[in-house]
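Let's take a walk through this protein together, step by step. Have the model open beside you and turn it as you read.

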Amino acid sequence: MPDAASLPFVTVISTGGTIARHSDNPCDTVDYAEIGRDLGAGHLLSALPDVVRARFRVREITFSQKDSSHMDMSQWADLARRIRDVLRESPDMAGVVVTHGTTTLEEAAFFLDLVLHEERPVVLVGAQRPASAISADGPANLHAALLVAASVQARGQGVLVVSDNEIHAAGSVTKASTYRLDTFRSPDFGPLGVIEGDEVCFARKVTARRHIDGDVLDRIMHDRPRVDICYSYSGGDGAAIAAFRAAGARGIVVASMLPGMCAPAESAALDAACAQGVAIVMSSQGSSGATLARQDLRQRGIMAAGRLRPRQARILLTLCLALDMPAARIQHLFDLP
């Protein structure tokens with residue numbers, strides 16, 4: 001039996017979500033979000049076999065018990081502070097695991113990756129089936145996340161998402177399926193690595209990360225600039241764009257028709273908003289491929305989201321505007337792979 005002090009030290013921070021939901025019906029994998037009840041971090045760990053728990057020295061923290069659709073940037077800012085604090089308090093800690101609902105997990109991971117500048121891994125993990133379900137995926141996902149958080153290979157890779165025995169970078173992962181277990185995918189370049197048995201195997205590393213000044217956490221708590229997402233479609237009249245502008249939007253992210261096009265009336269509304277100082281970022285509705293800074297967009301003063309999807313682009317633009325970054329600097333951050 002190994003000495004407890006020699007075991008990898010990992011903190012598990014629970015925020016709620018499917019992985020921590022329980023339904024009285026073990027066949028319920030649909031209605032549990034509304035009719036089920038929340039479980040704490042302790043229950044998640046107790047669902048792991050003794051032989052698994054014996055491999056780690058784990059501290060449990062319950063941050064919240066919320067469906068992830070109820071989470072927003074102010075709560076993620078608090079979560080970032082908590083993660084930063086627990087890492088600074090414990091230099092011997094290998095890493096942090098955050099359990100989170102999958103609905104907004106990709107947004108949470110991207111936000112944390114932007115504002116946390118930590119060498120030690122921060123791993124987000126969720127589940128597609130509640131803890132009470134037949135063949136619940138939460139315990140296996142949590143075990144895999146603990147392995148990654150304790151892995152030396154994960155250091156310096158930024159915030160990671162672990163699901164279905166795959167390891168994804170926060171900047172490239174998206175939730176692609178409503179109920180399938182392999183919901184998290186990195187469409188352009190694939191996962192960073194996999195977990196096979198008890199082995200963590202990285203095939204590649206994150207080559208470039210976007211960093212936002214940590215002071216932005218305080219700014220968005222007091223004065224978060226409004227940034228909206230407009231979904232473009234054939235025949236769109238631009239009414240949503242005008243409404244966002246009238247509501248005080250400082251930025252608008254366009255989920256455009258591929259590869260970065262809008263209906264004529266939408267384009268006119270975007271130009272009008274841009275002329276009034278609203279920051280416009282063109283992204284696309286596609287799951288893969290980049291929205292490039294074409295000559296037309298540059299001439300109109302519209303930024304291009306690169307490989308970021310609309311919800312990620314909204315987070316990055318919000319933080320950049322909170323720090324009053326110039327457009328050229330914002331575009332540089334979008335251009336990173």
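Between them, domain 1 and domain 2 bury about 1400 Å², with 60% of that on carbon and sulfur atoms. Three residues stand out on the side of domain 1: Met 73, Glu 107 and Phe 110 supply 41% of the area that this domain buries against domain 2, more than any other three residues. Please keep in mind that you are looking at a predicted model. To find the two parts, look for domain 1 at residues 9–202 and domain 2 at residues 224–335. Their centres, taken over C-alpha atoms, are separated by 30 Å. Where they meet, 19 residues of domain 1 are in contact with 14 residues of domain 2.

What kinds of charged and polar pairs cross this interface? The rule finds four salt bridges between domain 1 and domain 2, and the count of residue pairs in polar contact is 10. On the side of domain 1 that touches domain 2, the elements that give two or more residues are α4 (73–89) and α5 (105–115). Helix α5 gives the most to that side, with six residues.

Now zoom in on charged partners. Side chains of opposite charge can pair when their charged atoms come close. The structure holds 15 salt bridges. One of them is found within helix α4, where Arg 81 and Asp 78 sit three residues apart, about one turn of the helix. The closest N and O atoms of this pair are 3.0 Å apart. Arg 81 is buried, with a relative accessible area of 19%, while Asp 78 is partly exposed at 32%.

Another pair reaches between helices. Arg 311 lies in helix α11 and Glu 107 in helix α5, so this pair ties together parts that are 204 residues apart in sequence. Their side chains meet in a salt bridge, 2.8 Å from N to O. Glu 107 is buried, with a relative accessible area of 9%, whereas Arg 311 is partly exposed, with a value of 32%. These two also belong to a wider group: Glu 106, Glu 107, Arg 309 and Arg 311 are linked in a network of salt bridges.

Follow helix α5 a little further to Asp 113, whose side chain meets that of Arg 209 in a salt bridge of 3.0 Å, N to O. Asp 113 lies in helix α5 and Arg 209 in the loop between β12 and α7, so the pair ties together parts that are 96 residues apart in sequence. Both partners are buried. Arg 209 has a second link to look for: a polar atom of the Arg 209 side chain lies 3.2 Å from the backbone oxygen of Leu 116. Among the other residues that Arg 209 touches are Glu 118, Gln 157, Gly 158, Val 159 and Leu 336.

Next, travel to helix α12, residues 327–335. Which residues of this helix are buried? They are Ile 330, Gln 331, Leu 333 and Phe 334. These residues cover an arc of only 160° around the axis, which puts them on the same side of α12. On the other side of the helix, Ala 328 and Asp 335 are exposed. The buried residues of α12 pack against β15 (279–284), β16 (303–304) and α11 (310–322).

Helix α11 also holds Ala 322. Is Ala 322 buried or exposed? Ala 322 is buried, because its relative accessible area of 9% falls under the 20% cut-off. Setting aside residues up to four places away in sequence, Ala 322 touches Val 216, Arg 219, Ile 220 and Pro 225.

Finally, look at a few backbone details. Most residues other than glycine have a negative phi, and most peptide bonds are trans. Asp 164, in the loop between β7 (159–163) and β8 (166–169), has a positive phi near 55°. Asp 164 is partly exposed, with a relative accessible area of 37%. Asp 324 also has a positive phi, near 55°, and its place is in the loop between α11 and α12. Asp 324 is exposed, with a relative accessible area of 55%. As for peptide bonds, a cis bond joins Leu 258 and Pro 259, with omega about 5°. You will find Pro 259 in the loop between β14 (251–256) and α9 (264–275).

Notes: Residues are numbered from 1 along each chain as its sequence is written. This is a predicted model: local features need pLDDT of at least 70, side-chain atom pairs count only at pLDDT 80 or more; totals for chains, interfaces and linings use all residues. Side-chain values use heavy atoms; hydrogens and water are left out. Buried means under 20% relative accessible area, exposed over 50%, partly exposed in between (1.4 Å probe, protein chains only). Helices (H or I, at least four residues) and strands (E, at least two) are DSSP runs, numbered from the N terminus. The arc is that of the directions from the helix axis to the C-beta atoms. Contact means heavy atoms within 4.5 Å. Domain bounds come from an automatic or database domain assignment. Buried area is the accessible area (1.4 Å probe) that two parts lose on being put together, summed over both. A polar contact is a pair of N or O atoms within 3.5 Å; within protein, one must be able to donate a hydrogen and the other to accept it, and residues adjacent in sequence count only if both atoms are side-chain atoms.
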